[in-house]
Amino acid sequence: MGTENDMQTMVRFVRDREFVEKNEKRLGQSVRESILLSDLKVYAIAGGDLLLQINNNGSIELTGKLTSLTGSKDLNISEIFQCDGLMLCSVKSELVVWNPCTGQTRSIKPRTCYCYDDAYALGYTTSSSGGHRSYKILRRYYSQNDKKVVLGEIYDLSSDSWRVLDDSFPLLGYSVNRNGIKVNDAFLITKFDFTTETLVRLPLPFQNLHPWDKAFLSVVRDEKIALLHVLETERSMRILVTNKIDDDDEAKDLSWRSDMALGIDCYGSNMYFESFLFDEENKVAVLSCAAHLRRKFLTRIYVADEYMYKQVYEAKTSTFDWPRIITYAPSLVHIPKSTPKKRQKRQRLASP
């Protein structure tokens, strides 16, 4: 995997398909990979599991840059979402689903034009017989007619079709940031259930936030939710973690505990945190941030525990950037191919 060639896979030792097939059942537990989204580009991080790597040697090395998803060399990924080892990439005015393990990609054509302020989520429904997963994309967007309203629609990768959600989908009177946190009158996490096609509201550990303070969400081994609370007013940072959650958990079952205060003084540092990973067992966090220093824009990654923090990566960016670090379990999940338009037309003509 070189920086000059298209990166067919971002998995160091899972390039051997036979190896993946033999070990697929345990990949989610024992094998994880890490990527960095910075300056509209995606980079592979050497060593696989970023948290494990930090615990072993405390340094970060990038081993490759993704240069193509759909054949174009002009690759600018503004956002990326992960589910079951599949990545949903927002690339300019299009969406692309990508499996880093197999190299398979698929461009998702919009029902209406994508917009810069759209919000997306990648998820799935499970069949009652056999447990087959059908992957879907939720799109929340704004439509301006007589007034500005929030609309929702779902794309089904199996049927290659968009479907507008009915009136039961709530037209929320507040904005939701890309971490899923409501940012106006009350503070909560919004979770979308792809099976019932409803929004579930989960509680946050606080109900007020100073305008200068920030809160970001992450997951702990796909089992718990972690929250990074940046208290700039108190010049401190802390991480809170929920109990183990399941798909059928309700809001009343979600509880938070304060897990760790980080040894970072974020006051006056011109560091703007965006994402983080948390190793609950070893009590260590990895954080990405944007920095503005002497007219330069930087992406930085820090490792921190209760007593100290250390910078382990820095790179210049062309503009002010919001970097993200993501870990995932590689998977052989197949992305269904889109249905050719001519074939779709023949199917409609043949229908009674």
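Where in the chain is Tyr272 found? Here are my notes, point by point.

1. **Tyr272 and its patch.** Tyr272 sits in strand 18, which covers residues 271-279. Helices (H or I, at least four residues) and strands (E, at least two) are DSSP runs, numbered from the N terminus. With a relative accessibility of 33%, Tyr272 counts as partly exposed; buried means under 20% relative accessible area, exposed means over 50%, and partly exposed is in between (1.4 Å probe, protein chains only). Tyr272 joins Phe320 and Trp322 in a nonpolar surface patch, and together they have about 270 Å² of accessible area. A patch is built from residues with over 30% relative accessible area and no salt bridge, with like charges joined within 9 Å and nonpolar side chains (Val, Leu, Ile, Met, Phe, Trp, Tyr) within 5 Å.

2. **Before you read on.** This is a predicted model, where local features need pLDDT of at least 70, side-chain atom pairs count only at pLDDT 80 or more, and totals for chains, interfaces and linings use all residues. Residues are numbered from 1 along each chain as its sequence is written, and side-chain values use heavy atoms, with hydrogens and water left out.

3. **The whole chain.** You'll find three helices and 22 strands here. The chain has 352 residues, and 48% of them count as buried. Its accessible surface is about 18600 Å², with 48% of that belonging to carbon and sulfur atoms; these areas come from the Shrake-Rupley method with a 1.4 Å probe, and for residues only the protein chains shown count as cover.

4. **The cores.** In soluble globular proteins, nonpolar side chains tend to be buried together. A nonpolar core here is a set of buried Ala, Val, Leu, Ile, Met, Phe, Trp, Tyr and Cys residues joined through side-chain atoms within 4.5 Å. The largest one has 20 residues, and Leu228, Ile239, Leu262 and Leu287 have the most contacts inside it. Strand 18 gives the most to this core, with four residues. Apart from it lies another core of 17 residues, including Cys83 and Tyr120. Back in the largest core, look at Leu262: leaving out residues up to four places away in sequence, its contacts (heavy atoms within 4.5 Å) include Leu228, Ile239 and Leu287.

5. **Salt bridges.** The count is 14, where a salt bridge is a side-chain nitrogen of Lys or Arg within 4 Å of a carboxyl oxygen of Asp or Glu. Arg324 and Glu79 make one at 3.0 Å, N to O. Arg324 is in strand 22 and Glu79 in strand 4, 245 residues apart. Both Arg324 and Glu79 are buried. Arg106 pairs with Asp160, with their closest N and O atoms 3.2 Å apart. Arg106 lies in strand 7 and Asp160 in the loop between strand 10 and strand 11, so this pair ties together parts 54 residues apart in sequence. Arg106 is buried at 5% relative accessibility, and Asp160 is buried at 14%. Elsewhere, Lys224, Arg257, Asp259, Glu280 and Lys283 are linked in a network of salt bridges.

6. **Cysteines.** How many disulfides does a search of the whole structure find? Zero, with a disulfide being a pair of cysteine sulfur atoms within 2.5 Å. Take Cys115: its closest cysteine sulfur, in Cys113, is 7.1 Å from its own sulfur, too far for a bond. Cys115 is partly exposed, at 39% relative accessibility, whereas Cys101 is buried, at 10%.
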